[in-house]
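Reader: I'd love a close look at one part of this protein before I go back to the bench. Could you walk me through it, and then show me what surrounds it?

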Amino acid sequence: MIHLPFRFLSAQSSQSESVSSETPFSTNKKTSRVNWILGLLCAGWAGTLISCSTSDTVSTLGDWTVKSELEGVARYGAASFVSGNIAYMGTGADASNNRLKDFWAYDPSRNAWTQKADFGGAARNIGVGFAVGTKGYIGTGINANGDRLKDFWEYNTATNTWKQVTDFGGTARQGAIAFAIGTKGYVGTGFDGNYLKDIWSYDPTANAWTKVASYGGSKRIGAIAFVINNKAYVGTGNNNAIVQKDWYEYDPAQDLWTQKADFTTDQSTIARSNGIGFSINGLGYIVTGDGTTSTKDVWEYNPSADTWTTRGVFEGATRSYGVGFAIGNKGYVTTGRNGTSPLDDLWDFDPTVAQVQ
């Protein structure tokens, strides 16, 4: 079989990847139409002398759409969780660095924000959140006096009420990570005056924290975490002013951390801290953050292949300390800080639609 060098037109990426067959019809953009025509030519040739190797195609998948902006004030360092098909987000700090405790729900089916009962604890930013079933949990962070916190609060999505639960098992801290797997939440890493790598699990039924295996890499603040198939993936962040690129998988069934492929490419290191992560349909995504190179890039992690692939660029403003979540087949990025300016915009990400700039 003869392989003719062939590339779909791309506005962004040179990463090798096949383009989905639904992609040409999912946008009205010029490049997509051209890709579709070239794709037909490719298919036609395939039955004669020439095949179009998938390793020679160029991925442009992954497009962003602006959605309804947060109705509360712009902020950075908010905490969030998803319960059902609703995202909940609150706390954070405004442009004057005033800590906040207002709390909001975003429903993607209506593209609408609804204000909920204020967060039950003290106003704060750079805390964490996770959800187990219909209950959400927010804790840690920094209050208006600059004190680090370790209290934790449970939000009942059915009754719109807050209840204080057992304090976080580790030290009071900021910039930690949080995720939930099964019936438990997990919180760890961060900064309590020193960089940290301890990890704790929270059992809502027992209302108790238990220390589990510490993070597999070095201590850090501002890392990213997401969950795929009952395993957590954690990496990036900042350790003693050095941005990190290592990447680890946590299996709670074995209480075991396993090192995976670094968050990097052959061409450059793209380590960062205070970025945003979420997972969709078995794949993880990392967006924005404070790095040594452009931080509007979007990266997809495939845990089955243990590989990283570029997915175009984030179309909103570069930011750090933003919030990310996934609902259904889309990821979302909102709030954060561009320089010293807090943000209130919201974007959704569809990994199946081609991006054209």
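How many of the five residues of strand β29 (residues 330-334) are buried?

Author: Happy to take you through it. Please keep in mind that this is a predicted model.

Four of the five residues in β29 are buried, so the strand counts as mostly covered, with "buried" meaning under 20% relative accessible area. Its partners help to place it. On one side, β29 pairs with strand β28 (residues 323-327) in the antiparallel sense, over five bridges. One position to look for is A326, which stands opposite G331 in β29. The two strands form a hairpin with two residues between them. In that turn, G328 has a positive phi of about 65°.

β29 also pairs with strand β32 (residues 346-354), again in the antiparallel sense, and here there are four bridges. If you want a landmark for this pairing, take V333 of β29, whose bridge partner in β32 is W347.

Put together, these pairings belong to an open sheet of four strands, in the order β3-β32-β29-β28, with antiparallel pairing. The edges are taken by β3 (61-67) and β28, each of which has a single partner strand, so one side of each is left without a neighbour in the sheet. From one strand to the next, the twist averages 25°. As you trace the strands, one general point may help: side chains in a regular strand alternate between the two faces of the sheet.

The edge strand β3 leads us to the aromatic rings. There are 41 aromatic pairs in the structure. One of them joins W64 and F314 edge-to-face, with 4.8 Å from centre to centre and 80° between the planes. W64 belongs to strand β3, while F314 sits in the loop between β27 (307-313) and β28, so this pair ties together parts that are 250 residues apart in sequence. Both W64 and F314 are buried.

Another pair is worth finding on your screen. The ring centres of F119 and W153 are 6.2 Å apart and their planes meet at 65°, so this pair too is edge-to-face. It also links distant parts of the chain: F119 is in the loop between β7 (112-116) and β8 (128-132), and W153 is in strand β10 (residues 152-156), 34 residues apart. F119 and W153 are both buried. These two rings are part of a cluster linked by ring pairs, which also takes in F81, Y88, F103, Y155 and W162.

Several members of that cluster touch I138, a residue of strand β9 (residues 135-139). I138 has 0% relative accessibility, and that is why it counts as buried. Beyond its neighbours within four places in sequence, I138 is in contact with A79, F81, F103, F119, V128, G129, D151, F152, W153 and W162. Of these, D151 is 13 residues from I138 in sequence, and the C-alpha atoms of the two are 8.6 Å apart.

A charged side chain meets a ring as well: R337 lies over the face of Y76, at 4.4 Å from the ring centre.

Now for the nonpolar cores. The largest has 14 residues, and those with the most contacts inside it are I177, F179, I199, Y215, V234, Y250 and W257. Three strands, β12 (177-181), β17 (231-235) and β20 (247-251), each supply at least two of its residues. The strand that gives the most is β12, with three. To see the surroundings of one core member, select Y215: leaving out residues up to four places away in sequence, it touches T189, K197, I199, R220, V234, G235, D246, Y248 and W257. Apart from this core lies another, of 13 residues, including V132, V165, F168 and W209.

Finally, β12 brings us to one more open sheet. It has four strands in the order β12-β13-β14-β15, and the pairing is antiparallel. β12 and β15 (208-212) are the edge strands, each pairing on one side only. In this sheet the twist averages 25° from one strand to the next. Strand β14 (residues 195-203) runs antiparallel to β15 and is joined to it by five bridges. To locate that pairing, start at D203, whose bridge partner in β15 is A208.

Conventions. Residues numbered from 1 in each chain as written. Predicted model: local features only at pLDDT ≥ 70, side-chain atom pairs only at ≥ 80, totals over all residues. Heavy atoms only, no water. Buried < 20%, exposed > 50% of the residue type's maximum accessible area, 1.4 Å probe, protein only. Contact = heavy atoms within 4.5 Å. Pairing = 2+ DSSP bridges. Axes fitted to C-alpha atoms, helices over the stretch in contact; angles between N-to-C directions. Core = buried A, V, L, I, M, F, W, Y, C linked by side-chain atoms within 4.5 Å. Phe/Tyr/Trp six-rings, centres within 6.5 Å; stacked < 30°, edge-to-face > 60°. Lys NZ or Arg CZ within 6 Å of the ring centre and 35° of its normal.
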